[in-house]
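Trainee: I'm new to this one, so could you walk me through it with a few questions and answers?

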Amino acid sequence: DGDGNTVDGPLHLKIRNSVVFGDKDTAMYFSPVSGQTFEYSVDSSLLNIGDHSGFSFENNTSITNSLNKEDPKFLNYYIQKMNLRVADDSPAKGLGNITAAQLVPKDIKGMGRTVYPTAGAYQ
């Protein structure tokens, strides 16, 4: 819920063409609750998840065409600068799924992203 608290309820989550990355590998944590829906998919994204994320990255059929624990190479992620564009040699470059990119054809700054889309908010 943004405050580090647990929120119970059905989960239907699709992460596509995204970068979910923090300085710790616990930035994303899923824990299924008995009797509640637990569905998620991750496609063409760059994550930072570890053994304590509640799910496994390796051999996970809910995760396709994605990378784990690869530095996204943000240009400047410090809060006072908050430049989440990625460097030219970032593994996020070209990682995006073209079909998903067509649903959101422009990045956060209005640049086209339907050809060779970069995962994350910026093309």
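Trainee: Let's start with the sheet that holds β1, β3 and β5: is the pairing parallel or antiparallel?
Mentor: Keep in mind that this is a predicted model. The sheet is open, has 3 strands, and follows the order β1-β3-β5. β1 and β5 stand at its edges with a single partner strand each, so one side of each has no neighbour in the sheet. As for the pairing, it's parallel.

Trainee: How many bridges join β1 to β3?
Mentor: Look at β1, which covers residues 11-16 and runs parallel to β3. One pairing to find there is Lys14, whose bridge partner in β3 is Ser41. The bridges between the two strands come to 6.

Trainee: And moving on to β5, which residue there is the bridge partner of Asp43?
Mentor: β5 spans residues 63-64, and it pairs with β3 in the parallel sense over 2 bridges. In β5, the partner of Asp43 is Thr64.

Trainee: There's another open sheet, with β2, β4 and β6; which strands are at its edges?
Mentor: Here 3 strands line up in the order β2-β4-β6, again with parallel pairing. An edge strand here pairs on one side only. That makes the edge strands β2 (19-20) and β6 (67-68).

Trainee: Which residue in β4 does Val20 stand opposite?
Mentor: β4 takes in residues 46-47, and β2 pairs with it in the parallel sense over 2 bridges. Across from Val20, in β4, you'll find Leu47.

Trainee: Now for charges: which residue forms a salt bridge with Lys69?
Mentor: Side chains of opposite charge can pair when their charged atoms come close. The count for this model is 2 salt bridges. In the one with Lys69, the closest N and O atoms are 3.0 Å apart, and the partner is Asp25.

Trainee: How many residues apart are Lys69 and Asp25?
Mentor: Lys69 is in the loop between β6 and β7 (74-76), while Asp25 is in the loop between β2 and β3 (38-43). Lys69 counts as partly exposed because its relative accessibility is 45%, and Asp25 does too, at 26%. The pair links distant parts of the chain, with a separation of 44 residues.

Trainee: What about Asp89: which residue does it form a salt bridge with?
Mentor: The closest N and O atoms of this pair are 3.1 Å apart, and the partner is Lys73. Asp89 lies in the loop between β8 (83-86) and α1, and Lys73 in the loop between β6 and β7, so the pair ties together parts 16 residues apart in sequence. Asp89 is exposed, with a relative accessible area of 52%. At 31%, partly exposed is the label for the partner, Lys73.

Trainee: Asp107 has no salt bridge, so how far away is the nearest side chain of opposite charge?
Mentor: Asp107 lies in the segment after α1 (98-103), and it's buried. A salt bridge has to be within 4 Å. For Asp107, the nearest oppositely charged side chain is that of Arg113, and the distance is 5.6 Å.

Trainee: Then which residue's backbone nitrogen does the side chain of Asp107 reach?
Mentor: Leaving out residues up to four places away in sequence, Asp107 touches Arg113, Ala121, Tyr122 and Gln123. Its side chain reaches a backbone nitrogen at 2.8 Å, and that nitrogen belongs to Gln123.

Technical notes:
Residues are numbered from 1 along each chain as its sequence is written. This is a predicted model: local features need pLDDT of at least 70, side-chain atom pairs count only at pLDDT 80 or more; totals for chains, interfaces and linings use all residues. Side-chain values use heavy atoms; hydrogens and water are left out. Two strands pair if DSSP finds at least two bridges between them. Helices (H or I, at least four residues) and strands (E, at least two) are DSSP runs, numbered from the N terminus. Buried means under 20% relative accessible area, exposed over 50%, partly exposed in between (1.4 Å probe, protein chains only). Lys and Arg count as positive and Asp and Glu as negative; His and the chain ends are not counted. A polar contact is a pair of N or O atoms within 3.5 Å; within protein, one must be able to donate a hydrogen and the other to accept it, and residues adjacent in sequence count only if both atoms are side-chain atoms. Contact means heavy atoms within 4.5 Å.
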